[in-house]
Structure formats: structure tokens, C-alpha cells
2 protein chains.
Amino acid sequence: MSCHDVPRYGGYRRSVPGSEQVNLVEVAKAAGVSKTTASDALRNSGRVSEQTRKRVVAVANRLGYSPNPVARSLRMASTGTIGLHLPEILTRSEYYMSFVFGVVDQAAKMDYDVTLLTAQHVPARRLHRVDGVVLGDPLETDTVVRELLGAGLPAVTCERYTGEVEPAGIVLSEHTAMFDRLLDHLADSGARAIAFLASSTVTDWGATLQGAYQNWCERHEMRPRVREMAFGSPTAVTQDNARAVLNADPSVDALVCAPDGAASAVLPVIRAAGKTIGADLLLASCVDSSELTHTDPPITAIDLRPREAGAACAQLLFDILAGETPRGTVRAHPIGLNARRSTRG
Amino acid sequence: MSCHDVPRYGGYRRSVPGSEQVNLVEVAKAAGVSKTTASDALRNSGRVSEQTRKRVVAVANRLGYSPNPVARSLRMASTGTIGLHLPEILTRSEYYMSFVFGVVDQAAKMDYDVTLLTAQHVPARRLHRVDGVVLGDPLETDTVVRELLGAGLPAVTCERYTGEVEPAGIVLSEHTAMFDRLLDHLADSGARAIAFLASSTVTDWGATLQGAYQNWCERHEMRPRVREMAFGSPTAVTQDNARAVLNADPSVDALVCAPDGAASAVLPVIRAAGKTIGADLLLASCVDSSELTHTDPPITAIDLRPREAGAACAQLLFDILAGETPRGTVRAHPIGLNARRSTRG
DNA sequence: GTGAAAGCGCTAACAA
DNA sequence: TTGTTAGCGCTTTCAC
């Protein structure tokens with residue numbers, strides 16, 4: 001067991017001195033009814049007469065009553081909350097921010113809260129008050145992911161999880177199809193030597209893209225030119241890699257960047273090499289973001305529709321929790337391609 | 001009252017059919033001890049003998065026991081969770097993403113969870129299971145903010161809240177000082193006509209910057225050239241405003257952009273106007289982000305240290321919850337200035 | 001249409 | 001060192 005002492009502060013709405021939170025019994029007493037009736041009146045259970053309902057509600061309002069959600073949770077055996085976990089390093093990006101809000105939006109529609117689960121304090125873990133979890137791009141090496149899945153919590157992953165335990169549901173983006181379309185688009189624009197600044201295969205996404213690239217190159221008899229980057233590589237490293245790719249083979253006439261933010265980080269390198277983006281060198285990103293529309297020229301990118309992905313994950317989780325959808329369900333998540341001037345000469 | 005029926009799914013770790021979650025009594029029974037002893041053993045309360053403790057722990061492990069955090073919360077009158085609310089429109093930015101993770105990190109250090117509170121379903125609001133809330137840049141018009149504060153929840157705001165209810169604590173960034181330093185820096189670099197693409201005064205931050213700008217201009221006998229933008233304005237609007245500023249007064253030789261993302265969005269406009277950034281026109285942003293380091297040239301920006309700001313808010317909230325810090329405490333949050341080529345010729 | 005009582009799973013006060 | 005009892009505040013039988 002990894003239970004440990006949990007120093008905890010003031011209670012639920014108890015921190016305002018002298019303003020103790022009123023509870024159901026006090027309302028019931030003040031309204032001259034029983035606990036049960038008060039509860040039913042306030043929840044509109046349709047059991048009490050309209051007259052008493054109104055009276056109870058009025059009293060509750062006067063006393064400033066608000067039900068204790070923790071007690072309700074305990075009784076109903078449901079927390080009304082789902083957890084959300086993201087790979088630690090990547091969390092800065094616009095992609096994940098949108099993903100998060102997709103999850104939160106969808107959860108709010110179902111009247112659920114969302115709790116952010118981090119990689120902190122892994123050894124002495126606390127338990128989270130959640131009915132299930134959404135795992136964005138789960139890494140096999142992520143101990144938090146392993147523990148959450150190991151604990152038997154219903155989990156929905158965005159993209160595949162390569163570890164032992166199967167999640168209860170999976171939302172899969174159509175990366176291979178869209179990456180093929182991107183490479184076709186580059187070839188159509190005249191590219192004959194497409195290099196790929198790849199992302200590490202620790203994520204399913206990174207691995208899928210590398211596979212798609214290799215396959216496409218084989219089918220099109222193009223020599224693959226890959227350079228893989230570790231997760232969360234700083235700008236300088238990204239730029240070094242881009243330089244290396246361009247120097248290694250001067251015939252390269254198109255560069256596709258997988259890591260989020262890499263495409264724009266690479267711009268100074270390309271400029272320094274004296275190349276003109278969109279002419280000498282086509283440039284594309286595997287992750288779209290608003291900054292790619294501001295660059296000169298704007299950069300073509302795959303639109304991962306992160307907000308919709310997050311919403312889809314949450315929805316699948318709710319469907320599974322409700323028993324409406326069987327465990328092991330996999331849902332496809334459509335993505336898109338935003339072609340911009342960086343690939344259209 | 002805004003209580004309403006809450007359809008809720010499966011229970012806490014109850015969703016795996018046939019794998020009912022074991023509870024404390026079952027562990028106690030299996031170990032041949034009382035509920036209390038089992039509880040004490042698992043929590044290392046120092047009440048039980050080492051021998052029985054080990055036995056209980058072994059049994060708990062064998063049965064796959066894990067304590068129900070909801071029950072614990074109810075008993076301890078503390079949720080172990082804080083809420084986090086951000087203005088809805090702004091939530092896409094790198095700034096808020098970092099802020100969020102600052103809060104989450106700090107909370108994790110105190111063994112707390114963080115729940116994201118959105119503006120959704122305001123009419124029929126549910127209650128959130130939180131001991132307190134952090135409000136990032138609270139808008140006076142935000143009904144969620146008003147409700148949270150009105151409910152008497154201990155709240156810490158990042159920047160001032162101009163509404164009725166006082167938050168329990170405030171973390172204040174030193175915007176005026178740093179904005180003055182930025183304008184001084186521009187003047188030092190030769191700027192004589194500094195225009196300001198301002199952010200709406202609905203946030204304390206936006207209002208503070210506008211005030212600082214006016215004051216600085218007065219002190220330096222410079223004619224103020226302000227253009228205020230609504231919150232969350234799309235790129236096109238930002239660009240229209242930038243064009244208007246530049247056209248209105250061709251003598252403008254420096255432009256400061258307040259809204260996050262505006263500085264880079266404005267680049268194409270400046271290019272189209274035939275100006276050279278860093279030479280004809282100095283450009284600076286009031287919010288730093290990684291994309292500003294990739295632009296050509298890199299853009300000078302105020303570093304708001306969002307991660308540290310988030311952590312400071314969470315910490316202040318915990319201090320107040322613990323009663324270590326009085327309500328009404330205001331803490332300063334130091335920020336910085338990243339001077340880059342866009343303002344150094 | 002309403003009330004009394006049971007109990008969700010846990011911790012804390014009081015005994016032994 | 002351990003067990004017994006009494007709740008935390010709520011929803012839900014079951015009885016009237």
C-alpha cells in the first residue's frame with residue numbers, strides 16, 4: 001500500500017470563520033419537515049407537494065444552503081469527476097491546451113468536473129476522486145499512466161497505448177491517411193526529396209508517422225531522410241537537427257516537421273541556409289497551431305482538431321461508464337490538412 | 001436553489017463488472033482486526049504494532065484494497081481538491097497553459113488535486129468538490145467568478161478583481177513597473193512615437209497597462225497613440241487595428257502589443273507597410289511566448305512568468321486555507337523583460 | 001404526501 | 001496496543 005498521512009486543510013466551505021455551512025438537517029428543521037422531505041423538495045424528486053417544496057426551497061435560500069457534494073458522492077457512489085492526464089513534457093503546447101478544453105467542455109455538458117492528474121509525487125501516490133480517466137498520448141514509460149490503468153480505473157486513451165493493460169476505450173486519429181495526403185500534396189507541388197524531422201517513437205503518434213513516412217517513401221521509390229528528435233527538445237536542438245538534415249543532403253527540397261513548434265523554430269535555419277520557403281524548400285508541420293498562420297510564409301500543417309479529439313475521448317469515457325458502449329471500443333477521430341503558402345510556391 | 005437532478009454513472013471503481021472494490025471492513029475482517037486498526041495500520045498512524053501493521057498491509061495488498069477518497073473527504077471535511085477558473089476566451093494561449101501547470105504543480109506538492117472550472121452550464125450549476133479556488137484574471141462580468149466568490153469559497157485571484165466580493169487573497173504582478181521599463185527601453189533605442197495596441201480594460205491587467213502607458217506618455221511628453229482591442233479578437237481584427245495605427249500616424253516608430261499573440265500576428269502587416277522591424281519600427285509584446293523567439297527578428301516581450309504566477313496563487317490559497325496567512329493578503333509576483341532584436345536595431 | 005431509519009466508507013473520540 | 005461507537009451529510013428503502 002502506498003497510503004500515507006495526508007495533511008489537509010480546512011473543510012468544505014468551513015474556512016470562513018463564523019459562517020458554518022448549513023446542512024440539510026438544519027434546513028429541514030427550519031422548514032419543519034424531515035430530512036427526507038427537504039432532500040426531495042430540493043432535488044425536485046416529484047415526491048413532495050408543490051406547497052411544501054416551495055416552502056423548503058425558500059428556507060434553503062434564506063439560510064444559504066448548498067448541498068455537500070462530497071456527501072452526495074459518497075452516497076451515490078459516483079464522484080461526478082473524471083481525471084485527465086497528459087504527458088508531462090508536452091503540456092506547453094496549444095494542441096494540448098485545446099485538447100484539455102475539449103475534454104472539459106464535453107464533461108461540463110454531462111455535468112462532470114475534470115481533474116488534472118500530473119506526474120508529481122508518484123512514489124507516495126494519493127488517490128484521485130474520479131470515476132474514470134482520459135489519457136492523452138499515453139507513454140508506455142509513464143508511471144502515472146501505468147498506475148491509473150493498473151488500478152482498474154476506466155480509461156480512454158487518445159491514440160494507442162503500447163503497455164500491458166488495455167484501456168477501456170481508444171480514440172484514434174487518422175494519422176497515416178492524413179500524413180500520406182500531406183506527402184502526396186508535397187509531391188504534387190514538385191518535391192522530389194522530402195526529409196522528415198520525426199518525433200520520438202515513444203508516442204503512438206510519433207511511431208505511426210515514422211511508419212507512414214517509410215511506407216510512403218517505399219511506395220514512391222523515394223529515399224527516406226529521417227532525423228528523429230527526443231520529446232520536448234529545446235529550440236536549439238531542433239535547429240541543429242534541421243541544419244544537419246539540410247547539410248547532409250543538399251538535394252532536399254521539402255521538409256516535414258513532426259514535433260509541435262518545430263516548423264516555426266526551423267525557419268531561421270532555413271533562412272540562414274539561403275533557401276526560400278515555398279520555392280527552394282517546401283515546409284510543413286504535423287501539428288497545426290495559430291503561430292503557423294502568422295509566419296512568413298504561412299506554413300502548411302495537419303489539423304489534429306485537438307478540441308474535438310478531447311471531446312471525443314470524454315464522450316467515449318461517459319458512454320463506457322454508462323454501460324452504453326462496451327469496453328474495448330475504438331473510435332476514429334477525423335483530422336484535416338491546412339495547405340498554406342509554404343508548400344504552394 | 002439551483003439544485004437539480006444529476007444523472008450519474010457507475011460508482012467509484014465499480015465499473016469493472018465482477019471486481020467490486022474491497023473496502024476497509026473487508027480488509028479488517030480478512031486480517032482479523034477491527035476497522036480502526038486496519039485504518040490506522042494502513043495510514044501509519046503509529047498506533048498499531050509493527051507486526052499487525054505489516055500483516056494488515058499484506059492483506060490489503062493481496063485483496064487489492066485502495067481507500068475510497070470520497071469517504072475520506074467526507075469524514076475529514078476536506079476535499080483535497082482546489083478549483084481553477086480562467087477567462088473563457090483566453091484559454092488557448094501558452095500563458096494560461098503555463099499558469100495552469102504552475103497551479104497543478106504546486107497543488108501536487110501539497111498533495112492536492114486541481115479541478116478545471118468552466119463557464120459551462122451556468123444556469124443549472126453543479127457544486128464543485130473543492131476546498132478553494134484560484135481565479136486567473138477574473139473578469140467582473142464573469143458569472144462563474146461571481147458565483148464562486150458569492151458562495152463564500154476561499155479564492156485567490158491572479159490580478160485584481162473589480163467586482164463586489166473581495167477574494168481571500170491576491171497575487172499581483174508588477175505590470176506597471178515592467179511596462180515602464182519596456183517603454184524606457186524603447187525610448188533608449190530611439191523611439192519617439194510609441195503606439196500601443198491595447199487590451200480591453202475588462203481585465204485588471206489590460207486596465208493597468210493602459211494606465212501605465214498614459215502615465216508614461218505624460219511624464220515623457222509623448223502623445224499617446226492607443227488602439228484598444230476586444231478580448232479574444234481574431235487575427236484579422238488584430239491586423240486591421242495594427243494597420244489603422246500605422247496609417248493614422250506615419251511617424252510611429254515603435255509599436256507595443258498587449259494581447260497575447262498580437263505581436264506575431266502583426267508581422268505581416270508591418271512587412272506589407274514596407275517597414276523594417278528593429279530599424280524603422282520597433283516592436284514589442286506585453287506577453288512573452290515561445291513563438292516570439294522564432295520570428296524574424298525575435299520580438300522583445302515582457303516575461304509574465306506564468307508558471308510561477310500559478311504556483312504563487314496556489315501557495316497563497318493553501319496558506320490561507322491553513323490559516324497561516326490572513327484573508328486579504330496581497331502578494332507581489334515579480335515579472336521580467338526579454339529584450340530581443342525587434343527593439344535593438 | 002411524508003417520516004424514520006439504514007447506510008455509503010471512512011476517521012476520531014472514548015474505552016478497555 | 002486494540003476494539004467499540006459515533007458520526008461526516010447525504011439518498012434511499014420501507015413503512016405509515
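Start by selecting residues 22–76 of chain A: the C-alpha atoms at the two ends of this span lie 21 Å apart, and the span is 71% helix and 0% strand. Helices here are DSSP runs of H or I with at least four residues, strands are E runs of at least two, and both are numbered from the N terminus. An unreviewed UniProt entry annotates residues 22–76 of chain A as "domain: HTH lacI-type"; such annotations may be inferred rather than shown by experiment.

Before going on, keep in mind that this is a predicted model, where local features need pLDDT of at least 70, side-chain atom pairs count only at pLDDT 80 or more, and totals for chains, interfaces and linings use all residues. Residues are numbered from 1 along each chain as its sequence is written, chains are lettered from A and ligands numbered from 1 in the order written, and side-chain values use heavy atoms, leaving out hydrogens and water.

**Helix 3 of chain A**

Now pick residues 50–63 of chain A. That's helix 3, with 14 residues reaching 20 Å from first C-alpha to last, close to the 20 Å expected at 1.5 Å a residue (1.5 Å times one less than the number of residues). Show side chains: A:Thr52, A:Arg53, A:Val56, A:Val57, A:Val59 and A:Ala60 are buried (under 20% relative accessible area with a 1.4 Å probe, protein chains only; exposed is over 50%, partly exposed in between). They sit on the same side of helix 3 of chain A because they cover an arc of only 165 degrees around the axis, taken from the directions from the helix axis to the C-beta atoms. Spin to the other side for the exposed A:Gln51, A:Lys54 and A:Arg62. Helix 1 (24–31) and helix 2 (35–43) of chain A are among what covers the buried residues. Just after helix 3 of chain A comes A:Gly64, with a positive phi near 70 degrees.

**The sheet across both chains**

Next, show chains A and B together. The open, mixed sheet of twelve strands runs 11(A)-5(A)-4(A)-3(A)-1(A)-2(A)-2(B)-1(B)-3(B)-4(B)-5(B)-11(B); strands count as paired when DSSP finds at least two bridges between them. Its edges are strand 11 (329–333) of chain A and strand 11 (329–333) of chain B. Zoom in on strand 1 (81–85) and strand 2 (113–117) of chain A, parallel over five bridges; A:Thr81 has A:Asp113 as its bridge partner.

**The six-stranded sheet**

Finish with chain A's open, mixed sheet, in the order 7-6-8-9-10-12. Strand 6 (194–199) and strand 8 (254–257) of chain A run parallel, joined by four bridges, and A:Phe196 partners A:Val256.

Conventions
Contact means heavy atoms within 4.5 Å.
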